[in-house]
Amino acid sequence: MTNESRFRKRVKLVTSLVSYRRADFAVAVAGATVFAFGTVASSWVLRWIIDNVIVERFESGSIDASATAAGIGIFILVAIVRAAGVIVRRTWAGKAQWGIAEDLSGEAIDAVVRQPVPWHRRQSTGDLMTRVGVDVEAAVQVVAPLPFSTGVVLMLLIASGGLIAADPLLGVLATLVFPVIMSLNLVYQKRADRWYDLAQAELATLSSAAHESFEAVTVVKAFGAEAREASRLSDIAFRVRSARVQAIKVRSLFAKLLDVVPNSASVLIVLLGSYRVADGAMTVGDLASFIYVFALLVFPLRIIGYAFSEMPRSQAGFDRVKQLVAEPVEPDPRRRLQIEPGAVVLRGVCIEQGDGREVLTDISCAFPAGALTAIVGPTGSGKTTLLHALAGLLAPTVGSISGPLADSALVFQEPFLMSGTIRENVTLGRAVSENALRRALDVAQAEFVFDLPGGLDAVVGERGVGLSGGQRQRIALARAIVGEPRVLLLDDTTSALDPSTEAAVLEGLRRSLADTTVIAVSSRPSLVSNADTVVFIDGGRIVDSGRHEEIAARTESYSVLMSAYESDRA
């Protein structure tokens with residue numbers, strides 16, 4: 001990347017960030033401008049005090065009280081103005097920075113929410129979390145020093161003119177420091193970009209890997225893979241560390257040069273200035289004011305350097321966030337569902353995986369309205385895929401699905417409970433009456449919640465930590481029932497329940513949701529035998545359908561599978 005294209009990219013970064021909170025940024029710049037004028041004015045006041053009070057005292061042997069009082073008063077007034085500028089600048093710069101962070105993270109979250117489920121299945125949760133969190137924070141790091149840097153540029157222009165006017169030779173020498181520092185900034189940008197980009201990418205990889213490891217902590221422990229996981233995370237962390245160390249090395253060298261160049265110039269100015277005073281080319285007040293202004297500019301120049309040093313990291317974070325925001329919204333499979341009253345009907349449905357392999361082939365069947373239909377099949381036969389297609393989470397490659405599926409609810413095989421109260425987990429923020437809530441819990445056989453400390457307001461950990469598998473399943477089922485869906489999709493939802501509790505749940509569904517179409521993937525003989533209709537799937541195709549007894553009598557593979565289920569239960 002050339003210096004020109006890098007410069008344009010940085011300008012675009014700054015203008016893009018500022019566009020989120022222009023008003024706050026403008027107020028911060030105004031405060032920085034006041035501070036800049038106050039800083040230059042303080043040097044003028046200092047020169048006047050030295051020449052008219054201090055030098056006069058040595059020459060005449062007396063103190064001019066009125067001049068002294070006037071000088072002190074003006075100096076204090078200028079100091080107050082500078083302080084006010086600093087307060088305004090820092091306050092509104094902070095508001096701009098974190099306001100931009102709020103807006104940027106909101107954009108990223110909205111972009112994630114807009115995407116359909118198939119898109120989410122291809123993403124790494126850890127990477128998404130990094131983009132809406134760590135990357136946003138990195139992107140706005142450059143915002144806080146920008147108003148001060150803007151004021152410093154103005155200060156440099158005013159001060160440079162004043163320095164050259166005070167003494168052309170020393171003025172030119174002092175102002176030459178500024179382009180030297182700017183050149184150092186450009187060199188730093190070129191060398192630091194690569195490492196900051198790499199560090200942000202590796203940090204996202206680490207976050208993703210850590211999230212996956214924490215999610216699967218029980219599996220890791222069950223298979224004794226703690227050492228392997230620790231080694232894997234350690235390798236990724238080492239790559240993050242290496243990239244960060246290289247970036248910090250470049251930044252450290254840059255910081256040292258920012259110290260050396262202005263300080264060397266200050267020493268040279270003092271030496272040459274003493275000769276200029278001795279020659280009568282300038283007064284002591286001129287030299288003191290000159291040195292004072294230059295000394296005051298050194299720290300602001302470091303702030304500009306800090307702003308430049310944050311540019312690569314902010315650019316890397318901003319680019320990653322914008323890549324997420326710019327991703328086109330994929331078609332939502334739910335929009336391909338044909339919303340019609342009555343039965344749920346599939347006509348020639350085929351669903352392919354990403355590699356082109358068909359998971360379901362030519363599925364044509366109907367699920368009668370208000371009936372309980374069981375979907376049965378061996379592992380990997382496509383049962384869950386079929387259920388996800390009915391829920392609109394997967395789009396058919398070929399064929400169509402119709403029915404009252406706009407009002408459907410899916411209960412996953414592994415129920416997910418969020419960290420919060422039982423009430424929050426069941427209602428999910430929906431306006432639900434107390435009677436409807438209790439009715440849903442009753443149908444799901446989840447009355448045990450009233451025996452917990454706090455009842456409905458009892459707090460459970462993330463993923464339902466502290467509850468058994470059967471308790472989590474019943475709460476998840478109550479969550480689906482409370483909305484009184486027209487179609488209820490159950491993915492082996494009762495697998496952790498004992499037969500008597502399962503029977504009570506089925507009876508409750510038939511009694512309380514008589515008009516609801518229930519489609520249940522199940523390996524429980526008790527549920528299958530009580531279903532109105534059974535659909536037997538094998539190899540992604542419907543092999544047979546009808547009553548349990550009928551299929552068992554005419555389809556050997558189904559009979560063998562159900563016998564295996566019975567033996568397993570026994």
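The radius of gyration used here is taken over C-alpha atoms, and the yardstick for a globule is 2.2 Å times the number of residues to the power 0.38. Keep that in mind for the first figure, and remember throughout that this is a predicted model.

**Figure 1. The whole chain, set against a compact globule.** If 570 residues were packed into a compact globule, the radius of gyration would be near 25 Å, but this protein chain has 36 Å. Its C-alpha atoms fill a box of roughly 125 × 50 × 45 Å along the principal axes. Trace the backbone and you'll come across 20 helices and 12 strands. How much of the chain is buried? Of its 570 residues, 46% count as buried. The accessible surface adds up to about 27,100 Å², and carbon and sulfur atoms own 60% of that. Take the contacts between residues at least 6 apart in sequence: 78% of them join residues at least 24 apart. As for charge, there are 56 positive and 59 negative ones, and their mean positions sit 6 Å apart.

**Figure 2. Inside the largest nonpolar core.** Here's a general idea to start with: in soluble globular proteins, nonpolar side chains tend to be buried together. In this model, the largest nonpolar core has 46 residues. Which residues have the most contacts inside it? They are Val-376, Leu-488 and Leu-509. Helix α16, covering residues 469-481, gives the most to this core, with 6 residues. Now zoom in on Leu-509: leaving out residues up to four places away in sequence, Leu-509 touches Val-443, Ile-481, Leu-488, Leu-490 and Ala-514. So you can spot Leu-488 among the partners of Leu-509.

**Figure 3. Trp-48 on helix α2.** Find helix α2, residues 22-60, and look for Trp-48 along it. Is Trp-48 buried or partly exposed? Its relative accessibility is 37%, so Trp-48 counts as partly exposed. Skipping residues up to four places away in sequence, Trp-48 touches Val-53, Ala-67 and Gly-71. Then check out Gly-285: it is 237 residues from Trp-48 in sequence, yet the two C-alpha atoms are 6.9 Å apart in space.

**Figure 4. Leu-324 and its neighbours.** Leu-324 belongs to helix α12, which runs over residues 284-326. With 3% relative accessibility, Leu-324 counts as buried, because the cut-off for buried is under 20%. What does Leu-324 touch, once residues up to four places away in sequence are set aside? The list is Ala-108, Ala-111, Val-112, Trp-119, Leu-128, Arg-131 and Val-132. Ile-109 makes a handy landmark too: 215 residues separate Ile-109 and Leu-324 in sequence, while their C-alpha atoms are 9.4 Å apart.

**Figure 5. Thr-205, with a far-off reference point.** Thr-205 sits in helix α9, residues 177-215. It counts as partly exposed, at 34% relative accessibility. Beyond its neighbours within four places in sequence, Thr-205 is in contact with Ile-236 and Arg-239. How many residues apart in sequence are Thr-205 and Pro-499? The answer is 294, and from C-alpha to C-alpha they are 44 Å apart in space.

**Figure 6. Two residues of strand β3.** Strand β3 covers residues 358-367, and Asp-362 lies in it. Val-359 lies in strand β3 as well. Val-359 counts as buried, with a relative accessibility of 15%, whereas Asp-362 counts as partly exposed at 48%. Asp-362 also has a backbone quirk to look for: its phi is near 50°, a positive value in a residue other than glycine. Back at Val-359, the contacts (not counting residues up to four places away in sequence) are Ile-351, Glu-352, Gln-353, Ser-381, Gly-382, Thr-385 and Gly-540. Gly-380 is 21 residues from Val-359 in sequence, and their C-alpha atoms are 8.7 Å apart in space.

**Figure 7. Glu-484 in a loop.** Which loop holds Glu-484? The loop between α16 and β9 (487-491) does. Glu-484 isn't a glycine, but its phi is positive, at about 50°. It is partly exposed, with a relative accessible area of 46%. Helix α16, at one end of this loop, is the helix from Figure 2 that gives the most to the largest nonpolar core.

Key. Residues are numbered from 1 along each chain as its sequence is written. This is a predicted model: local features need pLDDT of at least 70, side-chain atom pairs count only at pLDDT 80 or more; totals for chains, interfaces and linings use all residues. Side-chain values use heavy atoms; hydrogens and water are left out. A nonpolar core is a set of buried Ala, Val, Leu, Ile, Met, Phe, Trp, Tyr and Cys residues joined through side-chain atoms within 4.5 Å. Buried means under 20% relative accessible area, exposed over 50%, partly exposed in between (1.4 Å probe, protein chains only). Helices (H or I, at least four residues) and strands (E, at least two) are DSSP runs, numbered from the N terminus. Contact means heavy atoms within 4.5 Å. Accessible areas come from the Shrake-Rupley method with a 1.4 Å probe; for residues, only the protein chains shown count as cover. Lys and Arg count as positive and Asp and Glu as negative; His and the chain ends are not counted. The place of a charge is taken as NZ of Lys, CZ of Arg, CG of Asp or CD of Glu.
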